[in-house]
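Me: I am a first-year student, and I should like a close look at a single part of this structure. Please explain in connected prose how that part sits against its surroundings.

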Amino acid sequence: MDNGQHELLRVVFTTPALKQQIDDHLDGGSKINAIKELKEYCETSDNPDWLKNGTRVSLRLLKDVVDKYAIRRIVYSKLTKLSKQIELYCDKHGYNNMGSKEGAKSKDGLYVHQYTDLELVEDHRGFIVNNFSWKPSHNEYKEYNKLWRKYNESN
């Protein structure tokens with residue numbers, strides 16, 4: 001992702017009114033209106049710093065940013081559902097029955113931290129909002145699907 005996309009995506013995530021308007025358009029199934037909303041914001045805003053460095057606000061840039069935002073929004077939504085499902089499972093069966101991954105090792109080779117499934121999901125939700133260059137890998141998507149099946153079969 002180039003710097004213009006990164007900065008414009010940051011603007012979308014950190015501007016609540018703009019984010020809400022884009023969400024409303026995407027919920028209504030109108031990506032083109034979301035792009036128009038972002039274009040209007042760029043034209044009427046008080047020239048944020050990323051516009052001063054010569055970044056051209058083209059339709060391609062706007063479309064790419066809205067596409068990336070829409071994908072991140074969907075993944076965030078699904079991770080939120082997974083997080084709630086894990087919590088429901090743990091409320092019913094006990095938090096000691098939650099799965100975990102091997103965490104950090106001490107010098108003597110013993111595991112000193114177990115990385116729980118809920119921690120994994122919550123960390124990835126945070127990455128989506130705070131780290132615009134991060135995206136889940138193919139294996140992480142597979143892991144999300146395994147966790148969804150695991151925490152849904154026993155309910």
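**Helix α2 and its surroundings**

Reply: In this predicted model, the elements that cover the buried residues of α2 include α1, α3 and α5. The helix itself has 12 residues. From its first C-alpha to its last it reaches 16 Å, close to the 16 Å expected at 1.5 Å a residue. Just after α2, Gly-29 takes a positive phi of about 80°.

The two sides of the helix may be taken in turn. Leu-18, Ile-22, Asp-23 and Leu-26 are the buried residues in α2. They lie on the same side of α2 because they cover an arc of only 135° around the axis. On the other side of α2, Pro-16, Ala-17 and Asp-27 are exposed.

The buried side leads to the nonpolar core. In soluble globular proteins, nonpolar side chains tend to be buried together. Here, the largest nonpolar core has 19 residues, and Ile-22 and Leu-26 are among the members that touch the most other members. The others in that group are Leu-8, Val-12, Leu-38, Val-65 and Tyr-69. The helices α1 (3–14), α2 (16–27), α3 (31–44) and α5 (59–93) each supply at least two residues of this core. The largest share, six residues, comes from α5. Val-65 illustrates the packing: leaving aside residues up to four places away in sequence, Val-65 touches Gln-5, Leu-8, Leu-9, Val-12 and Leu-38. A second, separate core has 15 residues, including Leu-79, Leu-118, Leu-120 and Tyr-151.

Charged side chains also connect α2 with α5. Side chains of opposite charge can pair when their charged atoms come close. Arg-73 and Asp-23 meet through their side chains in a salt bridge, at 2.9 Å from N to O. This pair links distant parts of the chain, since Arg-73 is in helix α5 and Asp-23 in helix α2, 50 residues apart. Asp-23 counts as buried at 11% relative accessibility, whereas Arg-73, at 24%, counts as partly exposed.

Arg-73 also forms a salt bridge with Asp-27, in which the closest N and O atoms are 2.3 Å apart. Arg-73 lies in helix α5 and Asp-27 in helix α2, so this pair ties together parts that are 46 residues apart in sequence. Asp-27 counts as exposed, with a relative accessibility of 57%. Lys-19 belongs to this arrangement as well: Lys-19, Asp-23, Asp-27 and Arg-73 are linked in a network of salt bridges. The structure as a whole holds 10 salt bridges.

Finally, the helices that cover α2 also take part in aromatic contacts. The structure holds five aromatic pairs. In one of them, the ring centres of Phe-13 and Phe-132 are 5.4 Å apart and the planes stand at 35°, so the pair is tilted. Phe-13 lies in helix α1 and Phe-132 in the loop between α6 (117–130) and α7 (138–153), so the pair ties together parts that are 119 residues apart in sequence. Phe-13 is buried at 16% relative accessibility, and Phe-132 is buried at 7%. Tyr-69, already met in the largest nonpolar core, forms one aromatic cluster with Phe-13 and Phe-132.

To draw the picture together, α2 has buried residues on one side and exposed residues on the other, while salt bridges link Asp-23 and Asp-27 to Arg-73.

Key. Residues numbered from 1 in each chain as written. Predicted model: local features only at pLDDT ≥ 70, side-chain atom pairs only at ≥ 80, totals over all residues. Heavy atoms only, no water. Core = buried A, V, L, I, M, F, W, Y, C linked by side-chain atoms within 4.5 Å. Buried < 20%, exposed > 50% of the residue type's maximum accessible area, 1.4 Å probe, protein only. Helix = DSSP H or I, 4+ residues; strand = E, 2+ residues; numbered from the N terminus. Contact = heavy atoms within 4.5 Å. Expected span 1.5 Å × (residues − 1). Arc of directions from axis to C-beta. Phe/Tyr/Trp six-rings, centres within 6.5 Å; stacked < 30°, edge-to-face > 60°. Salt bridge = Lys/Arg side-chain N within 4 Å of Asp/Glu carboxyl O.
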